[in-house]
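Thanks for coming, everyone. Please bring up the structure, and I will walk through it.

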Amino acid sequence: MTDVIRTDGLTKFYGTKCVVNRLNLRIQQGQVYGFLGRNGAGKSTTIKMLMGMVQPDSGGAELLGESITDMKPETRGRIAYIAEGHPLYNWMTVAEAVRFSRSFHRQWNNTLAEQILDHFELPRKRKLRRLSNGQRAQVSLAIAVAPEPELLILDDPTLGLDTVVRRDFLESLIQIIQREGRTILFSSHILGDVERVADRIGVMVDGVLRVDCPTDHFRESVKKLVLDFAGPAPEDFTCPGLVNSWNLGSQLELVLVGYDEEQRAAVESLEPRNIEIVDLNLEEAFIEYTRGRRRSLPFLAQETGDDQSTRDQGAA
Amino acid sequence: MRFTCDTSSRTPIYRQLIEQVRSGVARGRLLPGERLPSVRQLSRELVVNPNTIARAYTELERDGTLITQQGRGVFVAEPRNDLTKRARQRHLEEQLEQLIVEAVHLGFSADEFVALLHKRMEQFAFPSSSPSEASS
């Protein structure tokens, strides 16, 4: 498998704050990668560095095998980018915006662009400033997809869209995924959407990529345990992979990552009366994971069958 | 049969699909030889990554519920039993045991339990008689 996106120690400081901390991201061809994290975790900065809009302080990145610092225009043309909030020139009409973007591209599938505009029933002569947020998102999708890019980078594309428009947008995304070999990186806060379309997720916490694994693997590995005790629950319990714990009198609630035999033995040694293991959905798993005691977060990564994928942010 | 997917559920999407197909077969809503939507079709219909659908189908093929015919599509397989009758019965008894424990704890009498069981069974398509012992 080839890495379509590859970053090596990518780092960015804003003032003294490290917003992206030695990021080693690998995204393989054909993957749909959900890039998650709370506001300010470093997702947008990472994406802007990939797109050459923000200069890294150290480290580097390659897209489609070429360094982002000296990328050939032809290579740039094989990459589509939808920025947060779908910025477009508001004084243009829909048709003008499409024609304008077309002039930057060597390859342009106009039938596809027209199909998307038709599908969303976008009036060609309407000024962009008179469109709704949803319609602007649809225009930017049409423009992004028309050059038939091999790599699509979308920064929170469904932000501010209503439920129906969001679903339409995802449907279009699914159709793009079904075209062979397309790679997509998208950031989002809507975990239900991510679960639908992402093969793999990455979670940024305070500039560090803390999770990088298949979507199902993440949700299955984060478990909540509820322990009942005859007397007061023990204080200061700790074990590897513990993300968070709450002492509720005679109950102890634990959130664990990568629940295994070792953790089970540690929990059982507390001799609770009962242990209940609660599965979490992706959103619950994400919330439990990211609001935990940040400094002590355990890492979660899984091999993709490629030795390059071993994460080494552990030192961060 | 229409499939659904619920991302607020604690069951992963591919598991939800597996359960829906298995339940559909057991209830007779999906008949042996019936064709299922292709991975691409279902992916578009449910707005779910095609790999997720493919994963569910692969697992259902492995357990013998579905069968892929090259170039023709995915079909509901004829029922077959690789396990001996004894092994299958043991598996069923384990499941029944859990159910009975729950029924007793919830305070149902034996008669009520049996009546409920009969009522629910009407919704399912049981084979007319137990298939013969598998040779393996």
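I will start with chain A overall, then go through its parts, and finish with chain B and the contact.

One caution up front: this is a predicted model.

Chain A, then. It has 316 residues, and 43% of them count as buried. Its C-alpha atoms fill a box of roughly 70 × 40 × 40 Å along the principal axes. The chain holds 10 helices and 16 strands. Now look at contacts with a separation of 6 or more. In chain A, 71% of those link residues 24 or more positions apart.

Next, the core. The largest nonpolar core has 102 residues. Which residues have the most contacts inside it? They are Leu63(A), Ala142(A) and Ile153(A). Nonpolar side chains tend to be buried together in soluble globular proteins. Take Ile153(A) as the example. Leave out residues up to four places away in sequence, and Ile153(A) touches Ile47(A), Leu50(A), Met51(A), Ile79(A), Tyr81(A) and Leu185(A).

Two of those partners, Ile47(A) and Leu50(A), are also buried residues of helix 1 of chain A. That helix covers residues 43–50 and is mostly covered, with 7 of its 8 residues buried. The buried set is not just aliphatic. It includes Lys43(A), Ser44(A), Thr45(A) and Thr46(A), and Met49(A) is on the list too. After helix 1 of chain A comes Gly52(A), with a positive phi near 75°.

Back to the core for a moment. Which helix gives the most to it? Helix 5 of chain A, residues 133–145, with 7 residues. Helix 5 has a packing partner as well. Helix 6 of chain A, residues 163–178, packs against helix 5 of chain A at an angle of about 10°, and the axes are 10 Å apart. That angle makes the two helices of chain A, 5 and 6, roughly parallel. Helix 5 of chain A brings Gly134(A), Ala137(A), Leu141(A) and Val145(A) to the contact. Helix 6 of chain A brings Val165(A), Phe169(A), Ser172(A) and Ile176(A). Look at the spacing on both sides. An α-helix has 3.6 residues a turn, so residues three or four places apart point the same way. By class, this helix contact has 6 nonpolar residues, 2 polar and no charged ones.

Now a sheet in chain A. It is open, with 4 strands in the order 13-14-12-15, and the pairing is antiparallel. Which strands sit at the edges? Strand 13, residues 242–248, and strand 15, residues 274–278, both of chain A, each pairing on one side only. From one strand to the next, the twist averages 15°.

Look at strand 14 of chain A. Of its 7 residues, 5 are buried, so this strand is largely enclosed by the rest of the structure. On one side, strand 14 (251–257) is joined to strand 12 (222–228) of chain A by 7 bridges, and the two run antiparallel. Asp228(A) has Gln251(A) as its bridge partner. Val222(A) has Val257(A).

Strand 13 of chain A also pairs with strand 14 of chain A, again antiparallel, over 6 bridges. Here Trp246(A) stands opposite Glu253(A). These two strands form a hairpin with 2 residues between them. Gly249(A) is in the turn, with a positive phi of about 75°.

One helix lies across this sheet. Helix 10 of chain A, residues 282–290, crosses strand 12, strand 13 and strand 14 of chain A. Its angle to strand 12 of chain A is about 75°.

On to chain B. It has an open sheet of 3 strands, order 1-3-2, with antiparallel pairing. Strand 1 (35–36) and strand 2 (66–69) of chain B are the edges. Each has a single partner strand, so one side of each has no neighbour in the sheet. Strand 1 and strand 3 (73–76) of chain B pair over 2 bridges. Arg35(B) is bridged to Phe75(B) there. Helix 3 of chain B lies across strand 2 and strand 3 of chain B, at about 105° to strand 2 of chain B.

Last, the contact between the chains. How many residues does each chain give? Chain B gives 14 and chain A gives 19. On the chain B side, helix 2 (39–46) and helix 3 (50–62) are the elements that give two or more residues. The largest share, 3 residues, comes from helix 2 of chain B. By class, the chain B side has 5 nonpolar, 6 polar and 3 charged residues.

That is the tour. Over to you for discussion.

Note on methods:
Residues are numbered from 1 along each chain as its sequence is written. Chains are lettered from A and ligands numbered from 1 in the order in which they are written. This is a predicted model: local features need pLDDT of at least 70, side-chain atom pairs count only at pLDDT 80 or more; totals for chains, interfaces and linings use all residues. Two strands pair if DSSP finds at least two bridges between them. Axes are lines fitted to C-alpha atoms, for helices over the stretch in contact, and angles run from 0 to 180 degrees between N-to-C directions. Two residues are in contact if their C-beta atoms, placed from the backbone, lie within 7 Å. A nonpolar core is a set of buried Ala, Val, Leu, Ile, Met, Phe, Trp, Tyr and Cys residues joined through C-beta atoms within 7 Å. A residue is buried if 20 or more other C-beta atoms lie within 10 Å of its own, exposed if 12 or fewer, and partly exposed in between; C-beta atoms are placed from the backbone. Ala, Val, Leu, Ile, Met, Phe, Trp, Tyr, Cys and Pro count as nonpolar, Asp, Glu, Lys and Arg as charged, and the others, Gly among them, as polar. Angles under 35 degrees count as roughly parallel, over 145 as roughly antiparallel, 65 to 115 as roughly perpendicular and the rest as oblique.
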